[in-house]
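Biologist: I'd like a close look at one small part of this model, and then a walk outwards from there. Keep it informal, but give me the cut-offs as you go.

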Amino acid sequence: MNLIKYFTKINILPSKLLLSLEKKKNDYIKKKKVIWHITTPRCGSTSLMEYFRDEFKNVGFGPFQTFPYQENRFQNICSQTVFNTIFFRKEKFFFSTHSHTLATNDFLNLISSNHLVILQYRSIEETLNSLFFYLKDGVYKNPKLIHKGLNFWLPFGFNSNSDEEKFLELIYSYVPWHINFLKGWILESNSSFEKIFINFNEINKNFPNVKKKLNKIFENKFDISLSENNLNKFNENPRNYKSLINNKHREVINEIKNSMLKVEEIEKIKLHDEHLI
C-alpha cells in the first residue's frame with residue numbers, strides 16, 4: 001500500500017508543478033503589451049505585417065514567431081514559443097507575425113486587456129479563387145510536394161483531373177475552416193480584450209481609413225502613432241486570373257455554411273461585414 005501511495009504521489013506532483021508553471025508562463029504573456037495579427041489566407045496580411053515591421057522598428061519587437069515552424073498554413077499559437085521569444089525583452093510592446101489561427105481556448109487564455117487582436121480577412125469567394133491559383137501555381141506544379149506536408153489546405157490530396165474538380169475539393173476542404181474562423185472570432189463572447197476587423201478590400205483601397213482606426217487604438221493602448229507612410233498597394237489579381245466561382249459552387253458553399261451556422265449566427269456575422277460570410 002505504501003508503495004502505491006509513493007508512486008501516486010510522485011506522479012501527481014510533477015503534473016501540479018507543470019500546471020503551475022504553465023499558468024505563470026501564460027500570466028507573463030498576459031501582462032505584456034501584445035498585438036496579435038490573425039488572418040484568413042490570401043488577404044494581404046504579409047503586406048500589412050511588413051508595414052508594421054517598418055513602422056515599429058526600434059520601438060516594438062516583432063514580428064515575433066508564434067509557433068515553432070513558420071509556414072503558410074493553418075496554425076495554432078504555441079504559448080511556449082511565444083514565451084521563449086519575448087521573455088526578458090525590454091521593448092514597450094510586441095507584435096506577432098501574421099497567422100491563420102482559430103479562436104481556440106488555449107489561445108484565448110493567452111490574451112488579456114493589454115492586448116489587441118487584429119483580424120484581417122477576405123470574403124470566402126475571393127479567398128477560394130486566390131488560394132486555388134496560389135496552390136496551382138505553387139505546390140501543385142510539383143506533385144511530389146503534395147506528399148511532403150505542403151498540401152496544407154487540401155489534406156487528402158489534389159488528385160482530380162479538371163480545374164472544376166480541384167476547385168470543388170478546395171471548397172470542401174477550406175470553407176469549414178473559414179467558417180470556424182468567423183464563428184470563433186466574431187461569435188466569441190469574450191470581451192476581455194480588444195479586437196479590430198480589417199477587410200482585404202478596405203486595406204487595399206482605403207488604407208488611410210484603416211490607419212486612422214488603428215492609430216486610435218495604438219495611441220491609447222501602446223502610446224505609439226503610425227507615420228504618414230502608406231502601405232505599398234498590392235494588386236488584387238496580379239496575374240489576371242478569371243473568377244472560377246459559379247452558382248454550383250455557391251450552392252455548395254451555402255450548404256456547408258448552413259450546416260455549420262444558425263440563421264441568427266449568420267446575421268450576427270453579417271452585422272460586422274456583409275462580405276464576411
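Where does Asp223 lie?

Modeller: Asp223 sits in the loop between helix 8 (207-222) and helix 9 (247-260); helices (H or I, at least four residues) and strands (E, at least two) are DSSP runs, numbered from the N terminus. Before going on, bear in mind that this is a predicted model, with local features needing pLDDT of at least 70 and side-chain atom pairs counting only at pLDDT 80 or more, while totals for chains, interfaces and linings use all residues. Residues are numbered from 1 along each chain as its sequence is written, and side-chain values use heavy atoms, leaving out hydrogens and water.

Back to your residue. Asp223 comes just after helix 8 and takes a positive phi of about 55 degrees, although it is not a glycine. With 61% relative accessibility, Asp223 counts as exposed. The cut-offs there are under 20% relative accessible area for buried, over 50% for exposed and partly exposed in between, with a 1.4 Å probe and protein chains only.

Now step back into helix 8 itself. Its buried residues are Phe207, Val210, Lys211, Leu214, Asn215, Ile217, Phe218, Lys221 and Phe222. They pack against strand 1, helix 2, strand 4 (115-121), strand 5 (194-199) and helix 7 (200-205). As background, an α-helix has 3.6 residues a turn, so residues three or four places apart point the same way.

Take Val210 of helix 8 as an example. Its relative accessible area is 1%, so Val210 is buried. Setting aside neighbours within four places in sequence, Val210 is in contact with Ile198, Glu202 and Ile203, where contact means heavy atoms within 4.5 Å. Between Val210 and Ile198 the C-alpha separation is 7.3 Å, with their positions 12 residues apart along the chain.

What about the cores? A nonpolar core here is a set of buried Ala, Val, Leu, Ile, Met, Phe, Trp, Tyr and Cys residues joined through side-chain atoms within 4.5 Å. In the largest one, which has 51 residues, Trp36, Leu128, Ile171 and Trp185 touch the most other members. Helix 6 gives the most to this core, with 13 residues. Leu214 and Phe218, which you just met in helix 8, are included in a second, separate core of 21 residues, along with Leu226 and Leu231. As for Trp36, its contacts beyond four places in sequence include Phe64, Val82, Phe107 and Leu116.

Strand 1, one of helix 8's packing partners, leads to another unusual backbone spot. In the loop between strand 1 (34-39) and helix 2 (45-55) you find Arg42, also not a glycine, with a positive phi of about 60 degrees. Arg42 has 32% relative accessibility and therefore counts as partly exposed. One more for the list is the cis peptide bond from Gly62 to Pro63, with omega near 0 degrees; Pro63 is placed in strand 2 (residues 61-64).

To finish, the whole chain: 10 helices and 5 strands, with buried residues making up 46% of its 277 residues. Of the contacts between residues at least 6 apart in sequence, 78% join residues at least 24 apart. The accessible surface is about 15200 Å², and 51% of that belongs to carbon and sulfur atoms, by the Shrake-Rupley method with a 1.4 Å probe.
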